[in-house]
Protein chains: 2
Amino acid sequence: MAEDAATDAASPDRVDPRVRRTRAAVLAAAAEVLASGGLGAFSLEAVAQRAEVARSTLYRHWSDREQLLVETVAEHGPMAEDPDTGRLRDDLIAAVGPFGAFLGEAPSRGMLLSMLAEAAHDPTVAAMQQRLTEQRRAVLRRLVDRALARGELPAGTDVEQLLDDLAAGVVHRAFVVGAPVDAAYLAGHVDRFLTIHGAGADAIGPRGA
Amino acid sequence: MAEDAATDAASPDRVDPRVRRTRAAVLAAAAEVLASGGLGAFSLEAVAQRAEVARSTLYRHWSDREQLLVETVAEHGPMAEDPDTGRLRDDLIAAVGPFGAFLGEAPSRGMLLSMLAEAAHDPTVAAMQQRLTEQRRAVLRRLVDRALARGELPAGTDVEQLLDDLAAGVVHRAFVVGAPVDAAYLAGHVDRFLTIHGAGADAIGPRGA
DNA sequence: TGCGAATGCGACGCTACCGTAGCGGAGTGA
DNA sequence: TCACTCCGCTACGGTAGCGTCGCATTCGCA
């Protein structure tokens, strides 16, 4: 399936540039379609047209609609970095920022919601969704663990609870309130939860404040 | 449209029991279809079959698919009571409990997610969704205001923030974690946020504890 | 320049669903 | 009982999307 190009020669990294181009264009187009029109608009016809690619070409790279949907969503999963500014607050803002901006916009929010909705009755999508969530969470957990080791947080801190609180606020704001997850919100949100979880006063607010 | 039966006679409440039965059966079936298969499975064919009703009958009560979808979702919106136990904690648990149980189950969770996904690119659904959310929020706001008047919460309490925190936790647990919003979770969640928001010690935990 | 692979194009049959229509039967209320 | 309303059934034309196929064309690479 996906390793067709990798098995035909001794150099597995060599991929026909046409293939690379086509796949990239299609996946980008698929994400756009999903974002703007939701699952209902996600037809191979629409994707092909947007990608300026023949519909038959899609079947040369993905076995069916489901396959393309899954891979499209998987592309837009991680969205988290692993900054190391030496200060938990700034690490969190740097890590969550891009992802928050992403799902704070209506189109991408629609895409993630479509995925969550699909996951509710499709084990394949649900498993992938679970995997992506854990992936993002792992990044944040690393940041928090480092801060804990530095003594920025009390020794008995419930890390999982902290991560839940952090994610809950962002998710609620994006999905329910429908407001942008911008820098100002994020800073306030992070500060609030650092306070709640007993971070020292010097760990909260803009650095040096 | 909907007031056909109401305008034909002097007694506006009288509705042909056959109509009442049919509408109820269809709306229930529609909710089931939406919950189990998501938006993709929400065809009039499927709804009619599940409701054990002729497809043509649907067109006698709803103008089109969209109409039926909106009314189906609107039926399952409020889900909030207005208990008055005299204690905020118990009020909140009583009010959120049924709704939490509803969206904690996979099928109904799927239904709400489908609606949210649709709302992301359909103004009609978005408006309705917004209305339902505010409706639920208003119930909770009333409880909190009462508690504030009773002195259960500090005078300067940020009520909207409290409501956000409450909703955020529930939404995150149901939609992202995918865990049931049961009584045990809810009690812990409410207690945590009452503590955070500075409620007196006697306002937290099981009554009398 | 020439070979092979990837793509474009158009067509095919198939399925599912939409929205409409008309007729006969059955339930409802006076 | 009788008129009226609602419903089941069947069929229709139309649209949209799926997945497949064969052939011509273009592109990448040696």
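Two residues are taken to be in contact here if their C-beta atoms, placed from the backbone, lie within 7 Å. On that basis, and bearing in mind that this is a predicted model, 25 residues of chain A touch 25 residues of chain B. On the chain A side, the elements that put in two or more residues are α1, α6 (106-119) and α8 (159-177). Sorted by class, this side of chain A has 12 nonpolar residues, 10 polar ones and just 3 that are charged.

As for chain A itself, its secondary structure comes down to 9 helices and 0 strands, so reading along the sequence simply gives α-α-α-α-α-α-α-α-α. The C-alpha trace of chain A spans about 60 × 45 × 30 Å along its principal axes. Of its 209 residues, 33% count as buried. Among contacts in chain A with a separation of 6 or more, 60% come from residues 24 or more positions apart.

One helix pair in chain A is worth a closer look. Two packed helices are described by the angle between their axes and the distance between the axes. For α5 (residues 88-104) and α7 (residues 123-150) of chain A, the axes come within 9 Å and cross at roughly 170°. Angles over 145 degrees count as roughly antiparallel, and α5(A) and α7(A) are therefore roughly antiparallel to each other. From α5(A), the contact draws on L88(A), D91(A), L92(A), A95(A) and F99(A); α7(A) answers with R136(A), V139(A), L140(A), L143(A), V144(A) and A147(A). By class, that makes 9 nonpolar residues, no polar ones and 2 charged ones.

Then there is the DNA. Around strand C sit 21 residues, of which T22(A), S56(A), T57(A), L44(B) and S56(B) come nearest. The elements giving two or more residues to this surface are α1 (17-41) and α3 (55-59) of chain A, along with α2 (17-37), α3 (44-51) and α4 (55-59) of chain B. The surface near strand C divides into 8 nonpolar, 5 polar and 8 charged residues.

DNA strand D is surrounded by 20 residues, and the closest are L44(A), S56(A), T22(B), S56(B) and T57(B). Here at least two residues each come from α1, α2 (44-51) and α3 of chain A and from α2 and α4 of chain B. The largest share, 3 residues, belongs to α2(B). By class, the surface near strand D holds 7 nonpolar, 5 polar and 8 charged residues.

Methods
Residues numbered from 1 in each chain as written. Chains lettered and ligands numbered in written order. Predicted model: local features only at pLDDT ≥ 70, side-chain atom pairs only at ≥ 80, totals over all residues. Near = placed C-beta within 6 Å. Helix = DSSP H or I, 4+ residues; strand = E, 2+ residues; numbered from the N terminus. Nonpolar A, V, L, I, M, F, W, Y, C, P; charged D, E, K, R; others polar. Axes fitted to C-alpha atoms, helices over the stretch in contact; angles between N-to-C directions. Parallel < 35°, antiparallel > 145°, perpendicular 65-115°, else oblique. Buried ≥ 20, exposed ≤ 12 C-beta atoms within 10 Å, placed from the backbone.
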